[in-house]
Each structure stands twice: as structure tokens, then as C-alpha cells.
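Let's walk through this fold together, starting with the whole chain and ending with a few single residues. Keep the viewer open as you read.

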Amino acid sequence: MTLPLITAPALRAQMSAGSRLMVCDCRFDLADPAHGEADHLAWHIPGAVYLHLDRDLSAPRDGRNGRHPLPDRAAFAARMGALGCHDDLPVVAYDASGGMYAARLWWMLRWLGHSQVQVLDGGLAAWDAAGGALQAGPVAPRLPATLTLRPPLADLVAFDAVLAGLGQPGRLIVDARAPDRFRGENETLDPVGGHIPGATNRCFRDNLQPDGRFKPAEQLRQEWLQLMGARQASDLVQQCGSGVTACHNLLSLAAAGLPGAALYGGSWSEWCSRDNAPVAVGA
């Protein structure tokens, strides 16, 4: 089984040994959507392919499907194939934001049924600290390949299912946003502040150590078990502002050996655009 996280020394060793793999740079800045790609051109892990959150990891917005709606599965598989990803090729995703964007690619590839995908623990900072080489300029494109759609290895729930499940004691919605936004304060990204009624808050940054690497697996496991209570991981629905940092919580659950939670892809940005969606504020 492919572990969800890979350390920088382990990735260096694989690359030095000439292992076949695809490294994907997912750096992004919500406040400046061109910044991540510019950083990629300035420096990146040698051979890394750049994936843009808006262009490559999201579908067009229509005003009711959230800020980063998921693309069609077949369309995303075709996009990854065009970039050179194929069925037997391991993928390692990284960013410079504690894994918040790399986790989106990790989840999406598993949603396609591609199991050989990992996130570089600590991202670009960990790579640099481990003495990893950096490269500048455009990367030579890979030959196009075919990435076959297979049964999903990740669960997705839609707006209607989340709405219908409100109040069910066995279901727990977990919001990965910062606590102030969960309470409905300091909302700058979406037109409405607040959270889905009954949801609990675990900010994705609580998965990380001060150096930007994930907490040890056993610590994550204990923290998640305390939050879950008598529930199973499969009883959890992870959401955030737009379906990005929720994937970070899903990645931390996988690292803790607690797979099975689902993603509400539209998340708060979709929820607050619907007339029939109730809103809660406060802690």
C-alpha cells in the first residue's frame, strides 16, 4: 500500500536512483492566482510539472457550484494523461503551504482510482532543508499518456446529500477553515459568513507541526479519535471553504490510519450560495 506522505530524503533517494515517478508542483496563492506558477518558473524540484489550482484542479464556476468546483472525472483523467501521467506511474505532489494544495491533487488522483500518489511532507521547505536540488525555467513536457478511470478510492458527497443528512446523529461534518471563519467572523472569501449547522471545526493547520511537516501518525490518530468520539472515520464529511483544505484533513486521516471519510466538494462556498441551505454562526 502506498503511504500518503513521503519524506524529502526518501524522495531524493528515489530520484537519485532513477525511479520512475511524476513530481507535481501545486504551489498557489488564493490572493494572487499567478504567483504559484511564477514561483515554479523561478525554482522547482527538477522535472516537476506545474498544476494550477484554478485551471487544472478545478472546473469553471457557475455561481452555484463553489469557488473551486471539482472537474468531471474523465476530463481530469484526460488532463493528467496529457501531462504524462499513466496508470503505473507514481505521483508525488508538493507545495509551499503545508500541503494544502498538494493534498487536493492527492485526493483528486485517488478519486480517479489512482493509488500511487503521495504528498511531500513539509513541501518545498523540507526538500530544500534536505539538500534537494532546485531547477529554474520551464520543464520539458512529458509524452502524453493514458490515465484510466478506475473505481474511486475516495468518497464524494454532493450538496443534496449533505443537506438531507443534517441532524443525523451518526454523521459529523468537519470544517477545515480557520476558527474565526467557522464562527462567521472575518469572512473575506465568501459572501456569507458562518458554517453548516451541526458541523465541528478542525482547522487543517492543526495537522501540522511548527516546521510545516505533518504531526506524527499516532498523534494525529489520537486527535482524530478524540474528535470522532464513538463514530468511525466513514461517518465523517470533510469540508472547508471551497473543497481544498478539506483534502488536507482527509490526508491527515489517511496518515493516521483512519481512511474512509468523504469530501463535500462544494463546501461552504457552494453551501452559502444556495437559498435552501441553513447557516449557523458562532462556536
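The paragraphs below go from overall shape to helices, pocket, cysteines and backbone angles.

A word on conventions comes before the tour. This is a predicted model, in which local features need pLDDT of at least 70, side-chain atom pairs count only at pLDDT 80 or more, and totals for chains, interfaces and linings use all residues. Residues are numbered from 1 along each chain as its sequence is written, and side-chain values use heavy atoms, with hydrogens and water left out.

Let's begin with the chain as a whole. It holds ten helices and ten strands, where helices (H or I, at least four residues) and strands (E, at least two) are DSSP runs numbered from the N terminus. The radius of gyration is 18 Å, close to the 19 Å that the globule rule gives for 283 residues, so the chain is as compact as a globular protein of that length. For reference, that radius is taken over C-alpha atoms, and the rule is 2.2 Å times the number of residues to the power 0.38. Along the principal axes, the C-alpha atoms fill a box of roughly 50 × 40 × 35 Å.

How much of the chain is buried? Buried residues account for 51% of the 283, with buried meaning under 20% relative accessible area, exposed over 50%, and partly exposed in between (1.4 Å probe, protein chains only). Contacts also reach far along the sequence: among those between residues at least 6 apart, 77% join residues at least 24 apart. A contact here means heavy atoms within 4.5 Å.

Now turn to helix α4 (102-111). Nine of its ten residues are buried, so α4 is largely enclosed by the rest of the structure. Among the buried ones are Trp106, Trp107 and Trp111. Just after α4, Gly113 takes a positive phi of about 95°.

Helix α4 also leads us to the largest pocket, which has a volume of about 410 Å³. The search uses a 1 Å grid over the protein atoms alone: a cavity is a set of points where a 1.4 Å probe fits but cannot get out, while a pocket is an open set with protein on both sides within 12 Å along at least five of seven lines, and lining residues have an atom within 4 Å of a point. Grid points are joined across faces, edges and corners, and the volume is the space filled by probe spheres set on the points. Of the 21 lining residues, the closest to the pocket centre are Trp106, Arg110, Leu153, Ala254 and Pro259. The elements that give two or more residues to this lining are α4 and α9 (245-255), and α9 supplies the largest share, four residues. By class, the lining has 15 nonpolar, four polar and two charged residues; Ala, Val, Leu, Ile, Met, Phe, Trp, Tyr, Cys and Pro count as nonpolar, Asp, Glu, Lys and Arg as charged, and the others, Gly among them, as polar.

Stay with α9 and find His248, which sits in this helix. His248 is buried at 0% relative accessibility. Leaving aside neighbours within four places in sequence, its contacts include Ala103, Phe204 and Asn207. The C-alpha atoms of His248 and Asn207 are separated by 8.1 Å, although the two are 41 residues apart along the chain. Its partner Phe204 belongs to the loop between β8 (200-201) and α8 (217-228) and is buried too, at 7%.

What about disulfides, pairs of cysteine sulfur atoms within 2.5 Å? The structure holds zero of them. Cys24 is in no disulfide, and the nearest cysteine sulfur, that of Cys26, is 6.0 Å away. Both cysteines are buried, Cys24 with a relative accessible area of 0% and Cys26 at 2%.

Our last stop is helix α10 (267-271) and a pair of backbone angles. Ser267 is found in α10 and has a positive phi of about 50° although it is not a glycine; Ser267 is buried at 0% relative accessibility. Glu270 lies in α10 as well and is buried at 10%. Not counting residues up to four places away in sequence, Glu270 touches Arg64, Asn65, Gly66, Phe159 and Tyr264. Asn186 also has a positive phi, near 55°, but Asn186 is in the loop between α7 (179-183) and β8 and is exposed, at 55% relative accessibility.

Technical notes:
Disulfide = S-S within 2.5 Å.
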